[in-house]
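User: Please take a close look at one charged spot and then work outwards from it. Keep it brisk, and give cut-offs as you go.

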Amino acid sequence: MLLTWLPSYLQQAKGLSVMNAGMLTAVPFALASLFGILLGRISDWVLTPEAVQAGRRRTMIAVMLVGVSAILAVPLIDQLWIIVLILACVRSLGLAGSALNFALVTDLVRNRADIGKMTAITVVGGNSFGLMAPIVTGYIIGLTGSFDRAFVVAGLLPLAGAVATFLMTRRPIEPSAA
């Protein structure tokens, strides 16, 4: 949603010119590239091998996804610099969460030979939703005449992802060999 619709949102909802909207759209992505690396370093520091074994990577991903849901606040804010800061944080958390998600795949795969296949499935799933996002956003804006509902959808989906991360990524309990 951000990549394709943010310039239009800034023009229509915030009254920016095409040039200013385009330039301002780059700011959250530039900041996210820096913040994303920082979040990756923090996760490497926090997620010791023992923490990973205890399932803390799932917790870290869920926290990142809950943070991404801060995009829900964007329609409620008038100050442009706060919107840009929120979007930079949201994008940073999304980048770091995505990287952690790939690491979680390697944690959960039992047979190391299957890591490539599982990563490919993860990429196809992520790209499929990524392809649908601007289309769905366009329909939402077309139906409602506003970006507000699109931000609601963009904020609720990561919350659903956080729940799914907790419920669907637990390693099954191995039967004891007795």
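Analyst: Asp-114 counts as partly exposed because its relative accessible area is 24%. The scale runs as follows: buried is under 20% relative accessible area, exposed is over 50%, and partly exposed is in between, with a 1.4 Å probe and protein chains only. The side chain of Asp-114 forms a salt bridge with that of Lys-117, at 2.9 Å from N to O. A salt bridge here needs a side-chain nitrogen of Lys or Arg within 4 Å of a carboxyl oxygen of Asp or Glu.

This is a predicted model, in which local features need pLDDT of at least 70 and side-chain atom pairs count only at pLDDT 80 or more, while totals for chains, interfaces and linings use all residues. Residues are numbered from 1 along each chain as its sequence is written, and side-chain values use heavy atoms, with hydrogens and water left out.

The whole structure holds two salt bridges. Asp-107 and Arg-57 also pair through their side chains, at 2.5 Å from N to O. That pair links distant parts of the chain: Asp-107 sits in helix α5, Arg-57 in helix α4, and their positions lie 50 residues apart in sequence. Asp-107 and Arg-57 are both buried.

Now the frame. The protein has seven helices and zero strands. Along the sequence the pattern reads α-α-α-α-α-α-α. Helices are DSSP runs of H or I with at least four residues, strands are runs of E with at least two, and both are numbered from the N terminus. The C-alpha trace spans about 70 × 35 × 25 Å along its principal axes. Among contacts between residues at least 6 apart in sequence, 69% join residues at least 24 apart. Contact means heavy atoms within 4.5 Å.

Of the 178 residues, 31% are buried. In soluble globular proteins, nonpolar side chains tend to be buried together. The largest nonpolar core here has 31 residues, and those with the most contacts inside it are Tyr-9, Met-64, Ile-71, Val-74 and Leu-87. Two or more residues each come from α1 (2-12), α2, α3 (49-53), α4 (56-68), α5 (80-108), α6 (115-144) and α7 (148-168). Helix α5 gives the most, with eight residues. Such a core is a set of buried Ala, Val, Leu, Ile, Met, Phe, Trp, Tyr and Cys residues joined through side-chain atoms within 4.5 Å.

Take Ile-71 from that core. Neighbours within four places in sequence aside, Ile-71 is in contact with Leu-2, Leu-87, Val-90, Phe-151, Ala-154 and Gly-155.

Helix α5 also carries Ser-92. Ser-92 is buried because its relative accessible area is 2%. Beyond four places in sequence, Ser-92 is in contact with Leu-31, Ala-32, Phe-35, Gly-36 and Leu-39.

Phe-35 returns on the surface. Together with Leu-34, Leu-38, Ile-42, Trp-45 and Val-46, Phe-35 makes a nonpolar surface patch of about 630 Å². Patch residues have over 30% relative accessible area and no salt bridge; like charges are joined within 9 Å, and nonpolar side chains (Val, Leu, Ile, Met, Phe, Trp, Tyr) within 5 Å. Leu-34 belongs to helix α2 (residues 18-46). Leu-34 counts as exposed because its relative accessibility is 58%. Over the whole protein the exposed area is about 10800 Å², with carbon and sulfur atoms supplying 69% of it. Areas come from the Shrake-Rupley method with a 1.4 Å probe, and for residues only the protein chains shown count as cover.

Next, the loop between α1 and α2, where Lys-14 lies. Lys-14 is partly exposed, at 24% relative accessible area. A polar atom of the Lys-14 side chain lies 3.0 Å from the backbone oxygen of Ile-77. That is a polar contact: a pair of N or O atoms within 3.5 Å, where within protein one must be able to donate a hydrogen and the other to accept it, and residues adjacent in sequence count only if both atoms are side-chain atoms. Outside four places in sequence, Lys-14 is in contact with Tyr-9, Ile-77, Asp-78, Leu-80 and Ile-83. Lys-14 and Leu-80 are 66 residues apart in sequence, with 7.9 Å from C-alpha to C-alpha.

Thr-137, in helix α6, is buried at a relative accessible area of 5%. The backbone oxygen of Ala-133 lies 2.7 Å from a polar atom of its side chain.

Last, Val-66 in helix α4. Val-66 is partly exposed, at 43%. Past four places in sequence, Val-66 is in contact with Leu-159 and Ala-162.
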